[in-house]
Amino acid sequence: MSLAVLLTSLTTPALSVPVVSEATTTFMSTPTFVPPTVPHTNVTSHGPYTGPSPTTTGALTTDVLAPSIAALPPGPDAFKFNRTGKLNSPLAAPFTPSGGRDTNGSAPVYRPLSDFDYQSLALALYQEWIELDLFHWGLATFSVEDFEDAGLTAEDRYLLQFMAEQEVGHATLITNMLGPASAPRQCTYNYPVKTLHEYIDFSQKLTRFGEAGVYGFLEHLNAGDAGTLLLQSITTEARQQMIFRQFEGLFPMPEWFEVGIPQSWAWTLLAPYISSCPENQTRLVWQNFPALHILNQPNPFRVDGSDVWNETTGGYTNTASESDIDADADACYGKSNRGKVGVDCSPAITRNRSMPLSYPGRQVFLEWDKPGQPIGPNNSYVTSTMAKAPVFAAWVSQLNVTYTPLENITDNRAYTIQPNTSTFAGDPAVNGTIFLVLTDEDLYVTPYNLTMLNPHVYAVGMYQSG
């Protein structure tokens, strides 16, 4: 090659030719140890409890130190920290500000450190067990045709199956933290539904009180390490609740903040749907309040969901019923309404109703049970209240507890008016699936001390505000 040709070849741009690279070597990865899951059954038996009378009744108890927890002012150091954005103390280590809980280098052990911890985690495990069964039960009970008629495909059914598999992991996690020898085991259950739509509505309500029940106690646990793991499971459950809202054709997340509720409210809402549990099952300390029935509970299956009367399947969750709905004329999921913006409530990523399920100023009619009724596993718990006769409705949603007076109280019936209140400007507080409880006093409480309201609670229910 001449010098001229060589220089030309070095200075003339060349067109690159794409080359597809194919793997010629498969790398094998040795699997690590896979921890086993807790023993479980996909679907247990179902129906109300029909066995013998329980030999043990009432919540787990021991010596009681006081009739209630006394209200106190903030602690002596509550306002001590200087909120300037400047550092107030030396760094504990490079890039590590002083303070925090369990930040001194001690190894976490992931186990309860108090009775409060154990009973709270045990309640969460009861919740995980029922969700595992509920999700499998829906797939086993309703046909492929039922799902497809409701607008739910094979991919949606697999999502429901995967959510059940998530519950296996959650139940295993909490069982291991409690100790397999004493952790609550899987029970048998009953569900207040007959159709697929009712099943979806019940599921979005059950996952709502399961999620809210954990938020209510999480930051009060002595065992912060156990709380961290539980947080990583309950945030999954929050996504499940949103998915059921999407299955139901509801706006997926109509609130700015997710509400937390006391353990006794969560147990009150959960226990009625547990029929029986194994012998020597770990019992819970939490209270079972009487049920609050919302006689004109908004019905998300109707085009005009607020124009209703007695359209629930009964029970604590006030689950929507579709038994009196004309699928063609009245149902927002009916074929005649498919594709109508603001009306159609068939499954979707999001829906926005032209006619709201509820609104400020709505008259809400209520009826409540008396205490003293057997309930829960083997009918071995008993509903109770420490409150006087109820005179207020407490609307518990997001960061707010808003009281409205009960009007025209007659025996165990009354009505109240849905309040016009906001968490912040632009965020109506009463929205989504919320909690409605009756009280004998309009006690001032906040999200962190909501349990202080328990001695004044007469009945507990759920309200489908949006």
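This is a short walk through the structure, one selection at a time.

**Colour by confidence.** Keep in mind that you're looking at a predicted model. The chain averages a pLDDT of 92, with 94% of its residues at 70 or more. Now select residues 1–14: here the pLDDT is below 50, and the stretch makes 1 contact in the model beyond near neighbours in sequence. Where pLDDT is low, predicted coordinates shouldn't be read in detail.

**On to helix α4.** Pick residues 154–178, the 25 residues of α4. Put a distance between the end C-alpha atoms and you should get 37 Å; at 1.5 Å a residue the expected span is 36 Å, so the two agree. Step just past α4 to G179, which has a positive phi of about 100°.

**Into helix α5.** Select residues 196–218 and find S203 on this helix. Is S203 buried or exposed? Its relative accessible area is 0%, so S203 counts as buried. Setting aside neighbours within four places in sequence, S203 has contacts with L134 and F244.

**The largest nonpolar core.** This one has 78 residues; show Y199, W265, W267 and F435, the members that touch the most others. Which elements each supply at least two residues? They are α2 (115–141), α4, α5, α6 (224–247), α7 (263–270), β7 (392–397), β13 (433–439) and β14 (457–464). Of these, α2 gives the most, with 13 residues. Another core lies apart from it, with 17 residues, including W368, A387, L438 and Y463.

**Zoom in on F435.** Leave out residues up to four places away in sequence, and F435 still touches R208, F209, A212, V259, I261, L269, A394, W395, V396, G461 and M462. Look across to β14 as well: M462 is the residue standing opposite F435.

**Pull back to the sheet.** Show the 4 strands as a cartoon and read off the order β8-β7-β13-β14, an open sheet with antiparallel pairing. At its edges are β8 (400–405) and β14, each pairing on one side only. From one strand to the next, the twist averages 25°. For a closer look at the pairing, select β13 and β14, which run antiparallel over 7 bridges.

**Last stop, α7.** Bring back α7 and you'll see this helix packed on the sheet, touching β7, β13 and β14. Turn the view to compare directions: α7 makes about 70° with β14.

Key. Residues are numbered from 1 along each chain as its sequence is written. This is a predicted model: local features need pLDDT of at least 70, side-chain atom pairs count only at pLDDT 80 or more; totals for chains, interfaces and linings use all residues. Side-chain values use heavy atoms; hydrogens and water are left out. Buried means under 20% relative accessible area, exposed over 50%, partly exposed in between (1.4 Å probe, protein chains only). Contact means heavy atoms within 4.5 Å. pLDDT is the predictor's confidence in each residue, from 0 to 100. The expected span of a helix is 1.5 Å times one less than its number of residues. A nonpolar core is a set of buried Ala, Val, Leu, Ile, Met, Phe, Trp, Tyr and Cys residues joined through side-chain atoms within 4.5 Å. Two strands pair if DSSP finds at least two bridges between them. Axes are lines fitted to C-alpha atoms, for helices over the stretch in contact, and angles run from 0 to 180 degrees between N-to-C directions.
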